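Biologist: Before I rely on the terms used for a model such as this one, I would like to hear how each was decided. Could we take them one at a time?

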Amino acid sequence: MLFYSTGRQGSVAAAHQQIGCCCAAVGQVLLSTHYHGGVVNYVNLEQVSKSYGLQTLLDSVSLGVQSGDRIGVVGLNGGGKTTLLKLLTGEDTPDSGRISFASGLAMAYVTQGAELAPTATIAEVVLAPLGVATYEWASNAKIRAVLHGLGVANLGLETPVGSLSGGERRRVNLAAALVQDIDLLILDEPTNHLDVEGVQWLADHLLQRNLALVVVTHDRWFLDTVATRTWEVHDGQVDTYEGGYNDWIFARAERARQADAAEQRRRNLARKELAWLRRGAPARTSKPRYRIEAAEALISDVPPPRNAVELMQFSKSRQGNVVVELEDATVTSPDGRLLLNNQTFRLAPGQRIGLVGVNGSGKTTLLKTLAGEYPLDSGKRIEGRTVKLGWLRQELDDLDPERRLLDAVEDVASYVTIGKKEISASQLAERLGFSAKRQRTPIGDLSGGERRRLQLTRVMMAEPNLLLLDEPTNDLDIDTLQELESLLDGWPGTLVVISHDRYLIERCCDDTYALFGDGKLTHLPQGIEEYLQRRAATAEVSAKHRIAVADAPEAGSAEKKQHAAKRRSLQKQLTSLERKISKLQTQETELHEQMAAASAEMDTDRLTDLNRELLALGDQRDSLEMEWMEIGEELDALQ
């Protein structure tokens with residue numbers, strides 16, 4: 001992760017010289033002047049080109065990022081998305097063209113890697129750049145919200161980052177950026193290693209912050225929730241669209257409708273995706289800004305995405321009545337936590353299940369149990385005689401690096417039947433993003449995302465009738481995800497998916513189950529929304545319980561009772577102040593929206609009035625936050 005503050009136009013290289021040794025482990029941290037009122041151009045690219053070897057990733061691209069922008073960046077793996085981010089941050093320079101930065105811009109860039117000094121503690125990475133001592137963080141509302149929201153507080157602030165897993169380091173990296181007071185935040189795949197609840201928290205947090213955002217992500221729910229504009233990077237160009245994922249799909253489908261016959265495959269894929277979006281919940285689908293008649297024409301001849309009854313009957317004829325059953329099963333995780341307590345669960349032929357839960361809840365262990373690779377403490381596992389298991393693990397297969405990609409696929413099978421169609425190994429590999437030329441590449445030359453796609457291709461070529469997918473969306477771009485979902489639409493087998501990708505679960509699964517840590521596998525008829533509601537209710541009950549315990553009458557002297565009463569009074573004052581601060585933040589957001597509208601209409605008088613109101617609200621909020629901190633310190637002294 002890198003933090004920049006630009007005090008000039010042009011490159012940010014000079015900012016790299018101004019960092020202390022402790023912060024060098026996590027990036028560059030500088031102070032800056034922030035912007036108030038009006039629309040500001042933060043970064044501008046003018047006729048920018050960038051090539052690597054013979055491949056041109058960006059060709060005469062002109063675009064910009066303004067205050068208030070929330071931009072989602074999409075495109076194929078290797079198409080130039082990360083290169084675009086590096087140019088936006090000044091980490092890389094263009095071959096031609098010009099990049100300019102607003103003076104005083106404070107910017108944070110969180111990369112896919114987590115290159116942190118292994119000896120640095122979490123507190124040194126997250127808190128030290130702010131000048132906040134470890135014992136002071138709980139009195140800062142923003143810091144407390146970020147550390148708890150990302151689960152970083154639970155890791156222990158004195159923990160060396162060298163002892164953390166890759167996913168935990170990614171969360172620490174993200175937390176170090178979110179606690180900063182910045183103008184522009186640039187994120188590269190931030191939802192990797194976050195569970196469904198963590199993705200929801202991050203989206204809500206970003207919507208509440210007054211900052212510009214540029215994010216590369218394959219999480220379509222996150223993209224649709226956060227983004228107000230979408231950039232599609234393809235063939236050296238960057239196409240811009242208003243709105244998030246759904247609006248981009250409508251726009252791309254319209255473009256495909258007007259394309260020539262050579263784009264038939266891409267057009268069909270976009271049309272089918274449209275059918276799914278139309279089928280989804282109205283609350284999830286943003287209103288398209290394009291002609292409704294055109295959208296209706298695109299999907300008028302598209303059949304239902306999946307005939308669940310027909311596929312289940314076909315699956316039953318291939319598998320019989322028994323797939324996998326757990327009877328009176330008790331399962332304990334490797335670290336001793338009880339996952340299932342005397343539970344009976346039957347996986348029916350053709351059933352399509354999405355399995356959700358917080359990170360560490362035991363989802364992968366349960367998948368191993370269903371596969372027969374993890375033992376039950378008690379009870380019985382029954383597997384049907386005709387079951388043919390296909391398992392996509394999170395770990396990559398250990399394959400001969402000298403062997404060609406296509407050979408590795410044909411080692412499994414030369415042809416596969418999916419639904420009612422027979423396709424070759426080469427055709428399946430191409431559907432999952434490997435061009436005919438790329439199929440001749442040695443495995444050792446593949447990227448991590450390409451190895452993941454190869455692993456998926458090999459699993460599908462084995463023609464399993466029970467498919468277990470553990471985080472299949474990791475490292476897959478949106479086009480490959482759409483192809484995977486298209487394959488699973490007509491796949492006549494039993495499916496269990498672990499994923500934080502809400503679109504994948506909602507599209508490919510008919511039932512959702514969750515592990516809540518109570519020893520049960522809970523069915524959620526309303527899907528992901530019900531899961532999030534239950535998690536929120538559980539968190540609220542836990543918070544009330546903690547307050548009740550803290551407020552319980554203490555045995556002993558009158559002095560102890562007065563102490564408890566004082567603590568309760570301070571806690572109520574804190575809660576009241578937090579509500580007031582939240583209300584002011586909402587008003588500030590509304591004012592920013594009004595200012596954007598007034599700016600578009602060139603109404604300078606209205607802009608002046610709104611700016612005056614915004615400054616007044618800022619003064620009120622600063623006063624309330626100072627009061628909140630004083631009460632927080634007083635409350636900490638009573639602990």
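Biologist: Why is Glu-325 called buried?

Modeller: Its relative accessible area is 13%, and buried means under 20%, exposed over 50% and partly exposed in between, with a 1.4 Å probe and protein chains only, so Glu-325 counts as buried. This is a predicted model in which local features need pLDDT of at least 70 and side-chain atom pairs count only at pLDDT 80 or more, whereas totals for chains, interfaces and linings use all residues. Residues are numbered from 1 along each chain as its sequence is written, and side-chain values use heavy atoms, with hydrogens and water left out.

Biologist: What makes Arg-346 and Glu-325 a salt bridge?

Modeller: The term requires a side-chain nitrogen of Lys or Arg within 4 Å of a carboxyl oxygen of Asp or Glu, and the side chains of Arg-346 and Glu-325 meet at 3.5 Å, N to O, so the pair qualifies. Arg-346 lies in strand E12 (residues 338-347) and Glu-325 in strand E11 (residues 324-332), 21 residues apart, so that the pair links distant parts of the chain; helices (H or I, at least four residues) and strands (E, at least two) are DSSP runs, numbered from the N terminus.

Biologist: Why is Arg-346 called partly exposed?

Modeller: Its relative accessible area is 47%, a value that falls between the two cut-offs, so Arg-346 is neither buried nor exposed. Arg-346 also forms a salt bridge with Glu-327, the closest N and O atoms being 3.5 Å apart. This second pair again links distant parts of the chain, with Glu-327 in strand E11 and Arg-346 in strand E12, 19 residues apart. Glu-327, at 22% relative accessibility, counts as partly exposed.

Biologist: How many salt bridges does this rule give, and which pair has both of its residues buried?

Modeller: The count comes to 20. Among them is the salt bridge of Arg-229 and Asp-69, whose side chains meet at 2.8 Å, N to O. Arg-229 belongs to strand E9 (residues 229-234), while Asp-69 sits in the loop between strand E3 (55-66) and strand E4 (70-75), 160 residues away in the chain. Arg-229 and Asp-69 are both buried.

Biologist: How do you know that strand E18 is largely enclosed?

Modeller: Of the 5 residues of E18 (residues 466-470), 5 are buried, so the strand is largely enclosed by the rest of the structure. Leu-466, Leu-468 and Asp-470 point one way, and Leu-467 and Leu-469 the other.

Biologist: What makes strands E15 and E19 partners of E18?

Modeller: Two strands pair if DSSP finds at least two bridges between them; 4 bridges join E15 (residues 389-392) to E18, and 5 join E18 to E19 (residues 494-498), so both pairs meet the rule. Each pair runs parallel, with Leu-389 opposite Leu-466 and Leu-469 opposite Val-497.

Biologist: How do you know that the buried residues of helix H3 line one face?

Modeller: The buried residues of H3 (residues 141-149) are Ile-143, Val-146 and Leu-147. Seen down the axis of H3, they fall within an arc of 95°, so they line one face of the helix; the arc is that of the directions from the helix axis to the C-beta atoms. These buried residues pack against helix H2 (122-126), helix H4 (166-178) and helix H5 (196-208), contact meaning heavy atoms within 4.5 Å.
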